[in-house]
Structures are given as structure tokens and as C-alpha cells.
Amino acid sequence: RAKKVSKSDYQFYSIELDHAAELRIEQEAAIANALKDSEFIPYYQPVVNAQSFLLEKLEMLARWHHGGKIKGPESFISIAEEANLIDKVSYQLLFQALMDFSGWLVKMPKLVLSVNISVSQLVEPQFMATVLMLLDKNNIPPSNIEIEITESSLASNLDVMKKALIEIQRRGISIAIDDFGTGYSSLSYLKDLNFDTIKVDQKFVADLNENRKKGELALVIVNMAKSLHVNCVAEGVESQEQAKILAEAGCQQLQGYYFSRPKSKLDIDSIITAGLRINQSRTLL
Ligand code: C2E
Ligand code: MG
Ligand code: MG
Ligand code: MG
């Protein structure tokens with residue numbers, strides 16, 4: 001149906017655009033202010049061994065503490081990326097996180113810290129130098145660090161990404177493919193990139209409840225990881241049944257609200273001091 005466009009439509013359209021631009025400028029200014037006031041705080045979600053439920057890894061997840069509220073990454077990561085502020089946000093988070101983590105390593109020398117990284121940072125040479133400098137400053141071996149990149153980010157940047165990933169691994173840092181199964185990318189990159197971990201997206205884990213057929217996809221990914229001899233982590237595990245199915249299928253590590261939500265530094269301090277299984281009330285499978 002052809003639509004007659006009138007002059008007032010154009011005006012309306014341009015007013016809408018102005019509003020969008022204004023909002024964007026406000027949001028960017030808010031992030032710049034948050035940086036100044038050090039409002040970006042790392043939270044950590046435990047990743048456990050699928051057999052023992054012992055803590056093996058912590059995934060750093062960005063949070064913004066503002067006006068008594070805690071905001072999640074969906075409210076600022078993409079804006080920070082577009083405003084070219086993601087480096088600064090990331091630096092603020094990593095500076096704190098690597099300090100926290102070096103303390104935890106004293107008690108648990110094999111603990112791994114997993115960090116989500118935007119593509120724009122990965123392909124930026126200065127980024128790696130900064131990370132290595134912070135690791136060195138905090139006496140953290142690179143082998144205790146894993147970098148997570150989303151599968152969807154690989155599709156459009158394969159060649160540049162490949163170079164960056166090889167360089168990261170050469171330094172001893174591991175690579176995980178995050179949100180695996182949602183990226184619509186060709187499976188051929190799997191043999192091309194020599195990554196260490198596959199993270200099964202929580203969408204497939206959620207399907208493990210309803211019907212067997214839909215849930216099969218999670219198990220296909222677990223088996224693929226097995227065939228490729230890479231470590232497998234299932235995200236978004238919310239029930240004992242899901243944990244049991246995934247562990248029996250051979251997934252090595254589990255993460256999700258069933259075990260723990262993302263927690264503050266102080267909460268992780270007490271988990272590590274106690275040295276216990278994550279979520280004592282849960283029976284082993
Ligand atoms: P992700 O890396 O896939 O992280 C998992 C997300 O799922 C987290 O959301 C986590 O809180 C949530 N989650 C964990 N277990 C469960 C569960 O059992 N059920 C449900 N429903 N959700 C669960 P969050 O913290 O909101 O992070 C969202 C995304 O933002 C992350 O997805 C990651 O891609 C991105 N992100 C987080 N921190 C950073 C960062 O510092 N830098 C960059 N570039 N991206 C980040
Ligand atoms: Mg992640
Ligand atoms: Mg994920
Ligand atoms: Mg995700």
C-alpha cells in the first residue's frame with residue numbers, strides 16, 4: 001500500500017530523529033559521568049564443576065551502580081561501544097576485577113577469571129597491552145584468564161578476529177566462544193579457530209525442560225565440544241534436572257541461577273573463604 005508522504009510527515013520524522021539524537025547525547029554524557037565517579041563495578045558469577053559443584057571459574061559481569069540502583073550491561077555496553085567509551089568502561093572494570101581476583105588466587109591458585117570482551121577491543125592492539133600490564137601488576141598468570149567473545153561477533157570479522165585470537169592465546173590466555181548456537185555462523189570456523197571453551201547458550205539449556213526434542217540441541221552442542229576436545233560450559237542452568245542432564249552428557253562446567261546469581265566482590269570473598277561447594281543445599285547429582 002503506497003503511502004502519501006506529506007510535509008508534516010517529514011517534520012515529524014525529523015523531530016523524532018532529533019529526540020533520538022538528544023537521548024543518545026544524554027546517555028553518552030551519563031556514561032562519561034559514571035566513569036568519572038567510578039560507578040562501573042564488576043560482579044562475578046560462579047562456574048562450577050559439573051560433577052563436584054566446586055567453584056572453578058568466575059565470569060566477570062559489568063554492573064553500573066547509580067542512584068541507589070544497579071543496572072545491567074544491556075543498559076550501557078552498546079551505548080559505550082557506539083560512543084567509543086567501551087575501552088574506558090572496560091579498563092575501570094578490569095582494574096578492579098584483577099585486583100579482586102589476585103586476592104582470591106592466593107586461596108585458590110587454579111581459579112579462572114572469565115571476561116567478556118567486545119570485538120572493537122579485541123582488534124585494538126592497545127587493548128592487549130593494557131590487559132597484560134594489569135595482569136603483570138597484579139601478579140596474575142595469563143593462564144588464569146579466559147576471554148569470552150560471542151559467536152555472533154565472529155561471523156563478520158573472521159580474518160581480523162583470527163589474528164587477534166592467535167595473539168591472545170600466544171600470551172597464554174584462553175578463548176571461549178560465548179552464546180554458542182545463536183550466531184548463525186558457519187561451522188567451518190570451528191576448525192579454523194583454535195579456541196578452548198564453548199559456552200552453550202542459555203536458550204538451549206532452557207529448552208532442556210519442556211520437550212526432549214527441543215532439548216536435543218543442547219546435547220548436540222555438548223557432544224560437538226567433546227568431539228572437538230574443547231571444554232564445555234552450559235549457561236543459564238536453573239534446575240537440578242538441567243544440571244543432571246548436562247553433567248551426564250559430559251558437559252564439564254555449569255553456570256546459572258541454580259548455583260548462584262552474579263555476586264559482588266564481598267559475597268565472593270565469603271564463598272572463597274568458606275571454600276565450600278557452591279550452593280550447599282543442592283544435592284550432588
Ligand atoms: P553473557 O556473557 O552470555 O552472560 C550471561 C548472562 O546471563 C548474564 O547477564 C547473567 O547474569 C545471565 N544469567 C546467568 N545465569 C542465568 C540463569 O540461570 N538464568 C537467566 N535467565 N540468566 C542467567 P548480564 O549480566 O545481564 O549480561 C548480559 C550480557 O552482557 C553478557 O552475556 C555479556 O555478553 C555482556 N557483558 C556483561 N559484562 C560485560 C563486559 O564487561 N563487557 C562486555 N563487552 N560485555 C559484557
Ligand atoms: Mg559471557
Ligand atoms: Mg552467554
Ligand atoms: Mg548473552
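**Notebook: magnesium site and cysteines**

I began with E148: at 1% relative accessibility, E148 counts as buried. The model I am reading is predicted.

Next I looked up what E148 binds. E148 is one of the residues coordinating the magnesium ion (ligand 2), through OE. The others are E59 (OE), N116 (OD1) and D178 (OD). I read distances of 2.0 to 2.3 Å for this set.

I then checked the spacing of these donors along the chain. The pattern is E-x56-N-x31-E-x29-D. Within it, N116 and E148 link distant parts of the chain, 32 residues apart. I find N116 in strand 4 (residues 112–116), and E148 in strand 5 (residues 145–150).

I compared accessibility for this pair. N116 is at 28% relative accessibility, so N116 counts as partly exposed. E148, at 1%, counts as buried.

Which residue bridges the magnesium ion (ligand 2) and the magnesium ion (ligand 3)? I noted D178 in that role. The two ions lie 4.2 Å apart.

I turned to the cysteines. How many disulfides does the structure hold? I count zero. C232 is in no disulfide, and its nearest cysteine sulfur is that of C251, 3.3 Å away. C251 is likewise in no disulfide, with the sulfur of C232 as its nearest, at 3.3 Å. A disulfide needs the two sulfur atoms within 2.5 Å, so a separation of 3.3 Å does not qualify.

Are C232 and C251 buried or exposed? C232 is buried, with a relative accessible area of 1%. C251 is buried, also with a relative accessible area of 1%.

Key:
Residues numbered from 1 in each chain as written. Chains lettered and ligands numbered in written order. Predicted model: local features only at pLDDT ≥ 70, side-chain atom pairs only at ≥ 80, totals over all residues. Heavy atoms only, no water. Donors = N, O, S within 2.8 Å, 3.2 Å for Na, K, Ca; no water. Helix = DSSP H or I, 4+ residues; strand = E, 2+ residues; numbered from the N terminus. Buried < 20%, exposed > 50% of the residue type's maximum accessible area, 1.4 Å probe, protein only.
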